[in-house]
Amino acid sequence: MSEPCQTDTAPSRRDFLCALAGCAAAATGACVDPTHTPFFRDHLRELAPDEIARMLRELEAKESARFGKEVTVAMDGPRPGVEFAYALDLTRCVGCRRCVYACVEENNQSRDPEVHWIRVLEMDKEKGVDFAHADAYYDAKEVPRPGHFYVPTACQHCRNAPCVKTCPVGATWQEPDGIVVIDYDWCIGCRCCMSACPYGARHFNWGEPGLPAEELNPKTHYLGNRPRPRGVVEKCTFCIQRVRAGLYPACVEVCPVGARKFGDLNDPAGEIRYILQHKRVFVLKSELATLPRFYYFFGA
Amino acid sequence: MKRTRCARPRRSLAPVLLLGTLAAGACGRHEEVALVLWQEGLPTSSPAAQGFQVPPPPFTAGVFPCTDCHDPEIPVNTRRRDLVTAHTEIRLQHDEEHRWCLDCHDAGNRDMLHLAGGELVPFEESYRLCGQCHGDKYRDWRAGVHGRRTGRWDGEKTYLLCVHCHNSHAPRFQPIEPKPPPTPPRRTP
């Protein structure tokens with residue numbers, strides 16, 4: 001990254017910014033190489049391993065200072081041959097929203113303004129899966145309420161993801177293990193992906209995320225639960241910081257009725273394959289051909 | 001010594017469990033390992049040997065071992081009746097027209113349960129007892145699909161016993177209080 005800016009016939013974005021920053025640095029007399037700052041760096045997937053390592057170190061130092069405790073920012077890559085998938089048992093879910101809040105705590109969502117990656121929809125048994133009459137704001141003393149069933153939704157990690165296709169800057173993509181991720185430092189906040197997503201799974205940080213230091217989960221992943229800046233989009237990452245370390249996502253572990261199942265689609269002995277082989281399975285809005293990795297099934 | 005066996009899972013079985021898990025993972029037949037052990041009628045020494053790591057059963061404080069109160073010297077009253085002197089808090093709502101205590105609890109060994117065929121099973125293997133009637137759930141549970149599992153998707157998992165979620169005397173799930181709803185979006189005036 002320390003080589004001088006190249007000049008060729010079609011200057012890239014980086015060359016342009018590099019030259020611009022060079023002028024600014026010369027003007028102010030600063031002797032910092034501006035191409036090392038997050039704003040001027042290359043796309044994440046074009047960075048060399050040492051550049052990524054330095055970026056993570058700087059990020060850890062910055063977040064640790066900001067929150068007054070040690071924050072780690074990992075960048076564990078996908079495991080070869082692993083393809084994640086998720087399954088949710090609609091005959092078990094009682095709509096208790098434990099998953100919603102476990103997710104918030106694990107993934108450092110903003111408490112105020114409120115950001116929830118999981119939305120639990122209450123539906124009428126008489127109407128079936130019907131988004132037009134679903135209610136995400138049901139306020140009940142006890143659940144499940146008679147005559148209703150519950151459909152929790154979050155990012156469906158589509159194989160043919162409209163959000164990825166629509167992002168104008170390539171800030172979101174699907175990893176080889178199937179997780180659709182966002183580089184919060186590359187996102188420009190245009191929210192095209194939000195309008196493209198048929199599941200309402202993406203959420204925008206309209207204000208500065210309010211995250212008390214004592215509630216911060218300090219074990220973070222660059223593409224997952226690290227604290228986000230204002231003006232970027234975020235969503236479920238299957239708890240990338242947990243699943244790439246071999247653990248179950250937080251929502252799976254907290255579900256009191258065991259409705260949430262997670263595993264490797266390529267493992268013939270795994271629970272996901274068992275469900276696909278033995279249960280009645282469907283995906284949301286299959287007519288859109290988004291090919292979700294998130295399956296709903298009837299366990300009973 | 002039976003008592004010790006029921007009260008806490010044997011520590012020394014941990015390596016067996018690990019080997020079992022590894023073997024199951026290697027041949028990709030977690031479920032069948034358990035099945036083979038079961039079908040051959042081998043003495044199933046512990047859930048771990050069957051491929052399931054389970055936490056200890058959720059006994060109410062002070063009720064186990066049962067022989068603390070049920071003195072083996074005193075003859076057992078095997079007459080079906082309403083309990084008035086002890087266990088009055090138990091309200092059987094589990095096929096109560098056809099079942100009662102000694103269908104599952106063993107009269108000869110009060111610290112054990114028994115299967116329909118008479119085989120004694122410790123409380124930590126109660127899933128075998130439940131599986132006699134609820135075979136479909138038992139099959140799904142063994143595959144990790146019915147019930148909650150924690151641990152690693154790529155390795156060691158902790159299963160919960162049926163009775164960790166279902167009260168064996170009244171197994172229907174009771175309604176629970178939900179966490180607060182999200183704040184609805186504000187309308188701009």
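**Figure 1. A:Lys285, a partly exposed residue with a positive phi.** In this predicted model, A:Lys285 counts as partly exposed, because 14 C-beta neighbours lie inside 10 Å and a residue would need 20 or more to be called buried. Its place is the loop between β11 and β12 of chain A. Although A:Lys285 is not a glycine, its phi is positive, at about 50°. As a reminder for this view, most residues other than glycine have a negative phi.

**Figure 2. A:Arg97, a buried residue with a positive phi.** Let us move on to the loop between β2 and α3 of chain A, where A:Arg97 is found. Here phi is about 65°, again in a residue that is not a glycine. Is A:Arg97 buried or exposed? A:Arg97 is buried, because 22 other C-beta atoms lie within 10 Å of its own and the threshold for burial is 20 or more.

**Figure 3. The four-stranded open sheet of chain A.** The strands run in the order β10-β2-β12-β11, and their pairing is mixed. At the edges stand β10 (260-264) and β11 of chain A; each has a single partner strand, so one side of each lacks a neighbour in the sheet. From one strand to the next, the twist averages 30°. Helix α8 (residues 271-278) of chain A packs on this sheet and touches β2, β10, β11 and β12 of chain A. The direction of α8 makes about 110° with that of β10(A).

**Figure 4. Strand β2(A) and its two partners.** With β12(A), strand β2 (residues 84-89) of chain A pairs in the parallel sense, over four bridges. With β10(A), β2(A) pairs in the antiparallel sense, over five bridges. Some residues to look for: A:Ala87 has A:Tyr295 of β12(A) as its bridge partner, A:Asp89 is matched with A:Phe297 of β12(A), and A:Leu88 is matched with A:Arg260 of β10(A). How many of the residues of β2(A) are buried? The count is six of six. Both faces are covered, with A:Phe84, A:Tyr86 and A:Leu88 buried on one side and A:Ala85, A:Ala87 and A:Asp89 buried on the other.

**Figure 5. Strand β12(A) beside the edge strand β11(A).** Strand β12 (residues 294-298) of chain A is largely enclosed by the rest of the structure, because four of its five residues are buried. Strand β11 (residues 280-282) of chain A pairs with β12(A) in the antiparallel sense, over three bridges. Two pairs help to find your way along this ladder: A:Arg280 stands opposite A:Phe298, and A:Phe282 stands opposite A:Tyr296.

**Figure 6. A:Cys103 and A:Cys251 in the largest nonpolar core.** This core has 68 residues, and A:Cys103 and A:Cys251 touch the most other members. Leaving aside residues up to four places away in sequence, A:Cys251 touches A:Cys99, A:Ala102, A:Cys103, A:Ile118 and A:Arg260. Another core, of eleven residues, lies apart from the largest one, and its members include B:Phe52, B:Leu113, B:Leu129 and B:Tyr159. As general background, nonpolar side chains tend to be buried together in soluble globular proteins.

**Figure 7. A cis peptide bond in chain A and one in chain B.** In chain A, the bond between A:Asp112 and A:Pro113 is cis, with omega about 0°. A:Pro113 sits in the loop between α3 (98-107) and β3 (119-124) of chain A. In chain B, a cis bond joins B:Phe64 and B:Pro65, with omega about 0°. B:Pro65 belongs to the loop between α3 (30-39) and β1 (113-114) of chain B.

**Figure 8. Helix α2(A) and the glycine that follows.** With 19 residues, helix α2 (residues 49-67) of chain A reaches 27 Å from its first C-alpha to its last, close to the 27 Å expected. Just after the helix comes A:Gly68, where phi is positive, at about 70°.

**Figure 9. Where chain B meets chain A.** The contact involves 26 residues of chain B and 36 residues of chain A. On the chain B side there are ten nonpolar, nine polar and seven charged residues. For orientation, chain A has eight helices and twelve strands, and 39% of its 300 residues count as buried.

Note on methods. Residues are numbered from 1 along each chain as its sequence is written. Chains are lettered from A and ligands numbered from 1 in the order in which they are written. This is a predicted model: local features need pLDDT of at least 70, side-chain atom pairs count only at pLDDT 80 or more; totals for chains, interfaces and linings use all residues. The expected span of a helix is 1.5 Å times one less than its number of residues. Two residues are in contact if their C-beta atoms, placed from the backbone, lie within 7 Å. Ala, Val, Leu, Ile, Met, Phe, Trp, Tyr, Cys and Pro count as nonpolar, Asp, Glu, Lys and Arg as charged, and the others, Gly among them, as polar. A residue is buried if 20 or more other C-beta atoms lie within 10 Å of its own, exposed if 12 or fewer, and partly exposed in between; C-beta atoms are placed from the backbone. Two strands pair if DSSP finds at least two bridges between them. Axes are lines fitted to C-alpha atoms, for helices over the stretch in contact, and angles run from 0 to 180 degrees between N-to-C directions. A nonpolar core is a set of buried Ala, Val, Leu, Ile, Met, Phe, Trp, Tyr and Cys residues joined through C-beta atoms within 7 Å.
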